[in-house]
Each structure stands twice: as C-alpha cells, then as structure tokens.
Amino acid sequence: MAHIDLNDDLPGIRALMAFRPETAGPLNELAEILLRADNSLSRGDRELIGAYVSYLNNCVFCQFVHGAMAQYYLQCDVNFIEGVKNDFINSELTTKMKSLLAVAGAVQQSGKAVTAEMITNAKNIGASDMEIHDTVLLAAAFCMFNRYVDGLGTAIPDDPEYYSLRAERRAAEGYAHYDPSK
C-alpha cells in the first residue's frame with residue numbers, strides 16, 4: 001500500500017505520474033532525452049545503465065522495467081540482464097560498457113565516489129566525454145527516480161511478464177508523451 005493516496009491500480013512510477021501530472025511531464029522529458037535521444041550509446045546500453053543503478057538501489061520496479069527495456073533493445077534474454085546486474089565485470093559486455101557501469105555504480109554510491117582514474121580508464125578504452133557525461137547523469141537521475149518510486153511505497157507487480165510485455169510498447173511510444181494510465 002502506498003504511503004499516500006494513489007491509484008493503487010497503477011504500479012510504480014505510473015501511479016506517481018498520474019497523481020501529479022505537472023511533474024510527470026518534465027520527468028518524462030528528461031527520461032526521453034537520456035534514454036532515447038540520439039547518442040553514441042545505444043538505447044539498450046542506456047536502459048542497461050538504468051537497470052543496473054536501479055538494481056544497486058534495490059528498486060525492484062525500476063530495475064525490472066528498465067531491464068525489460070534493455071532486453072528488448074539488446075535482443076538478449078533475462079539471464080543476460082541478471083548476469084550484468086550481478087557481475088558486469090565477468091559479463092560479455094564491451095570493456096567500454098563495463099567501464100561506464102563502474103562509473104554509474106560509483107555515482108549510485110556518491111558523486112564523489114567517481115574517481116579521475118575511472119574517467120581516465122573509460123576514456124582510454126574509447127568512451128567519449130558525452131558518453132561519460134550521460135552515464136553520470138543517467139545514474140544520478142535513476143537514483144532520483146528510484147527514491148521517488150520507493151520513497152512513496154508504490155505498488156510493485158510480482159509477475160516478471162508484466163515488465164516484459166510492456167517493453168515493446170514503451171520502446172515504440174517513448175517516454176515524452178507517456179500516458180501512465182496505459
């Protein structure tokens with residue numbers, strides 16, 4: 001049960017966006033820019049960063065929503081996503097993506113946990129300033145989204161199918177004009 005009077009028929013951030021549509025617009029615009037706009041990182045890689053940070057924050061709703069999105073875009077199975085969340089260093093990701101996930105993980109702990117060595121490492125294996133910037137901003141934004149979802153005690157669907165069934169639709173529609181009631 002949510003901590004405030006929300007439409008309990010809507011789970012996670014969907015209920016919060018329906019509760020306060022005037023904040024939903026800017027939050028969805030930010031998600032659209034960070035997760036879908038033109039970028040040298042693929043949409044799947046960016047969704048994977050969001051899923052990973054959400055996993056570190058123990059935000060079940062966000063890690064499964066964005067894990068399903070990453071799975072859709074990367075055309076992989078759930079075992080790959082779970083493997084990345086649990087041990088990205090030994091996954092089949094590129095070294096660049098591993099370095100960016102290390103940066104994202106540091107941001108999840110504290111912005112000051114990001115070291116010059118992490119950034120140098122990411123640059124040395126091909127990460128651009130834009131990719132590093134967007135990784136840091138994605139990780140910071142997901143910390144905010146995760147705390148928003150969990151801080152108000154929103155409903156969380158237990159069925160993993162709930163998340164995977166919505167990924168294709170969200171990929172097609174995006175976040176900017178998101179209707180939380182659908």
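**Buried residues, core and pocket in a predicted model**

With a relative accessible area of 10%, Arg36 is buried. This residue of the predicted model occupies the loop that joins α2 (21–35) to α3 (43–56). When residues up to four places away in sequence are set aside, Arg36 touches Ala31, Arg43, Arg46 and Tyr73. The list of its contacts also includes a run of residues from much later numbering, namely Arg170, Ala171, Ala172, Glu173, Gly174 and Tyr175. Gly174 also serves as a reference point for Ile33, a residue of helix α2. The C-alpha atoms of Ile33 and Gly174 are separated by 10.0 Å, although their positions lie 141 residues apart along the chain. Unlike the buried Arg36, Ile33 counts as exposed, at 53% relative accessibility.

The interior of the model was examined next. Nonpolar side chains in soluble globular proteins tend to be buried together. In this structure, the largest nonpolar core has 50 residues. The residues with the most contacts inside this core are Ile49, Val53, Phe61, Leu93, Leu101 and Val149. Helix α8 (residues 129–151) supplies the largest share of the core, eight residues. Phe61, one of the residues with the most contacts inside the core, touches Val149, another of them. Apart from residues up to four places away in sequence, the contacts of Phe61 also include Pro11, Gly12 and Ile13, together with Ile156, Pro157, Tyr162 and Tyr163.

Two cysteines, Cys59 and Cys62, were then considered. A search of the whole structure finds zero disulfides. Cys59 takes part in no disulfide, and the nearest cysteine sulfur, that of Cys62, is 3.5 Å away. A disulfide requires two cysteine sulfur atoms within 2.5 Å, so the distance of 3.5 Å between the sulfur of Cys62 and that of Cys59 is too far for a bond. Both residues are nevertheless shielded from the surface: Cys59 counts as buried at 0% relative accessibility, and Cys62 is buried with a relative accessible area of 4%.

Space that remains open among the atoms was also analysed. Rolling a probe the size of a water molecule over the atoms shows where empty space is left. The second largest pocket holds about 200 Å³ of space. Its lining is made up of 14 residues, and those that lie nearest the centre of the pocket are Phe64, Gln71, Val78, Pro160 and Tyr163. Three helices, α4 (60–74), α5 (78–87) and α9 (160–173), each supply at least two residues of this lining. Of the elements involved, α4 gives the most, with six residues. By class, the lining of the second largest pocket consists of eight nonpolar, four polar and two charged residues. Tyr163, one of the residues nearest the centre of this pocket, is also among the contacts of Phe61.

The backbone shows two residues with a particular geometry. Most residues other than glycine have a negative phi. Asn58, by contrast, has a positive phi, near 60°. This residue lies in the loop between α3 and α4 and counts as exposed, at 56% relative accessibility. A positive phi, near 55°, is likewise found for Gln75. Gln75 is placed in the loop between α4 and α5, and its relative accessibility of 65% makes it exposed.

Finally, two pairs of residues illustrate how separation in sequence relates to separation in space. Leu152, in the loop between α8 and α9, counts as partly exposed at 22% relative accessibility. Leu152 and Met1 are 151 residues apart in sequence, and their C-alpha atoms are 9.3 Å apart in space. With neighbours within four places in sequence left aside, Leu152 is in contact with Ala2, His3, Ile4, Leu16 and Arg147. The second pair consists of Glu161 and Lys96, which are 65 residues apart in sequence and 31 Å apart in space, C-alpha to C-alpha. Glu161 belongs to helix α9 and counts as partly exposed, at 44% relative accessibility.

Note on methods:
Residues are numbered from 1 along each chain as its sequence is written. This is a predicted model: local features need pLDDT of at least 70, side-chain atom pairs count only at pLDDT 80 or more; totals for chains, interfaces and linings use all residues. Side-chain values use heavy atoms; hydrogens and water are left out. Buried means under 20% relative accessible area, exposed over 50%, partly exposed in between (1.4 Å probe, protein chains only). Helices (H or I, at least four residues) and strands (E, at least two) are DSSP runs, numbered from the N terminus. Contact means heavy atoms within 4.5 Å. On a 1 Å grid over the protein atoms alone, a cavity is a set of points where a 1.4 Å probe fits but cannot get out, and a pocket is an open set with protein on both sides within 12 Å along at least five of seven lines; lining residues have an atom within 4 Å of a point. Grid points are joined across faces, edges and corners, and a volume is the space filled by probe spheres set on the points. Ala, Val, Leu, Ile, Met, Phe, Trp, Tyr, Cys and Pro count as nonpolar, Asp, Glu, Lys and Arg as charged, and the others, Gly among them, as polar. A nonpolar core is a set of buried Ala, Val, Leu, Ile, Met, Phe, Trp, Tyr and Cys residues joined through side-chain atoms within 4.5 Å.
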